[in-house]
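User: I'm new to reading structures and would love a close look at the metal site and what surrounds it. Please take me through it step by step.
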Amino acid sequence: MKQPARFLLAGVACAASLLMLPAHAQDPGRALGGILRQIAPGLATPQPAQRAPATNDLIEMLSQSVDSIDEPREIEIGRQLASVLLGSKPLVRDPALQRYVNRLGRWISLQSARPHLPWTFGVLDDPGFNAFAAPGGYIFVTKGVVDLVDEAELAGIIAHEITHVTEKHHLKALSAKARSGVLTQLLASQVRTNNVVTGAISQQMLALGRDLYSSGLDQGDEFESDRLGVHLAARAGFDPYGLPAVLQQLRTAAPDNPLFTLTLSTHPPAQTRLERLELAMGSRLDAYSGKPSVAIGRRMQQR
Ligand SMILES: [Zn+2]
């Protein structure tokens, strides 16, 4: 296998306990703009050609079909969902860590089916173990992830999330929710918190986003992201057993450990995911647990 590029310049992490959001501590729009200016100048504001369509139009399109959503609209939906995520947890104030995760993530995204998207990666200041993706190329991992995983494992997690984007899993889930009428119920039951989110995020998008990230995706989509994610990580030069190693850690995590609650509740059981991967990869994966590794969080402290 070719030598993986070394990305250990900074660290990573992101996650959000959306169900427990305090109404909020950080201006998410500004946070996203700030980090984008820091890590991706030029992406901080939508380019004129991508000027955001009205949110109501986006919801309307989502309720018709995914095919009616072109790439600029997909990116705008993702930007709004990223703001929803950042509204629950701020970014870690560590530019070196954020740069590291962006370099790692962009390298992997270049080997993906959609290398041209404006990929943006961030580490959320949350001790939980989570990762999130939003349409158009927004990927977040939590500080809890960065503190636990090594580089190959992080590459596996990011490749899994990138696959959710390239296969439009969230877009399809949002579309199904918008069509199902669940939106009306969500809006009726939700405390009005729109005033804490700045920018053009409608109550509808906020409700859809929160529902999506607390309920998770289709199990089939998760299996697909595991399978294609392992291939993607390998194509990018990383150990393909990074993701299986993470799943083995999840499998042995105490079910009542609050740090893993959201990940475990929004994904199929880790044991099932491992069994599906074994089928796809054609080998027993047990042998890969317990390998020596240094968590990224610790390596970053040693800088
Ligand atoms: Zn997933």
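How are the donor residues of the zinc ion spaced in sequence?

Analyst: Happy to walk through it with you. This is a predicted model, so local features are described only at pLDDT of at least 70 and side-chain atom pairs only at pLDDT 80 or more, while totals for chains, interfaces and linings use all residues. Residue numbers run from 1 along each chain as its sequence is written, and side-chain values use heavy atoms, with hydrogens and water left out.

The spacing of the donor residues is H-x3-H-x57-E. The letters stand for His160, His164 and Glu222, which coordinate the zinc ion through NE2, NE2 and OE at distances of 2.0 to 2.1 Å. A donor here is an N, O or S atom within 2.8 Å of the metal (3.2 Å for Na, K and Ca), and since water is not among the atoms, a site may look incomplete.

Let's start with the two histidines. Both sit in helix H6, and because they are four residues apart, about one helical turn separates His160 from His164. An α-helix has 3.6 residues a turn, so residues three or four places apart point the same way. Helices (DSSP H or I, at least four residues) and strands (E, at least two) are numbered from the N terminus.

Are these histidines buried or exposed? His160 is buried because its relative accessibility is 2%, and His164 is buried with a relative accessible area of 2%. Buried means under 20%, exposed over 50%, and partly exposed in between, using a 1.4 Å probe on protein chains only.

Now look at H6 itself, which covers residues 151-166. Of its 16 residues, 16 are buried. Its end C-alpha atoms are 22 Å apart, which agrees with the 22 Å that 16 residues should span at 1.5 Å a residue. (The expected span is 1.5 Å times one less than the number of residues.) Where H6 starts, Asp150 offers a side-chain oxygen that comes within 3.2 Å of the backbone nitrogen of Ala152. That is a polar contact: a pair of N or O atoms within 3.5 Å, where within protein one must be able to donate a hydrogen and the other to accept it, and sequence neighbours count only if both atoms are side-chain atoms.

Follow the chain past the end of H6 and you meet Lys168, in the loop between H6 and H7. Its phi is near 60°, a positive value in a residue other than glycine. Lys168 is partly exposed, since its relative accessible area is 26%.

Helix H7 comes next, with twelve residues, 169-180. From first to last C-alpha, H7 reaches 17 Å, close to the expected 16 Å. Its buried residues include His169, His170, Leu171 and Ala173. Just after H7, Gly181 has a positive phi too, about 90°.

Ala173 also leads us to another part of the chain. Leu208 is 35 residues away from Ala173 along the chain, and their C-alpha atoms are 9.7 Å apart. Leu208 belongs to helix H9 and counts as buried, because its relative accessibility is 0%.

Finally, let's look for empty space. Rolling a probe the size of a water molecule over the atoms shows where empty space is left. A cavity is a set of points on a 1 Å grid over the protein atoms alone where a 1.4 Å probe fits but cannot get out, and its lining residues have an atom within 4 Å of a point. The structure has two cavities of 30 Å³ or more, and the largest holds about 310 Å³. Here grid points are joined across faces, edges and corners, and volume is the space filled by probe spheres set on the points.

Which residues lie nearest the centre of the largest cavity? Among its 24 lining residues, they are Ala131, His160, Glu161, Thr266 and His267. So the zinc donor His160 is part of this lining as well. Among the elements that give two or more residues to the lining are strand S2 (131-134), H6 and H9. H6 gives the most, with four residues. By class, the lining has 13 nonpolar, eight polar and three charged residues; Ala, Val, Leu, Ile, Met, Phe, Trp, Tyr, Cys and Pro count as nonpolar, Asp, Glu, Lys and Arg as charged, and the others, Gly among them, as polar.

Notes
On a 1 Å grid over the protein atoms alone, a cavity is a set of points where a 1.4 Å probe fits but cannot get out, and a pocket is an open set with protein on both sides within 12 Å along at least five of seven lines; lining residues have an atom within 4 Å of a point.
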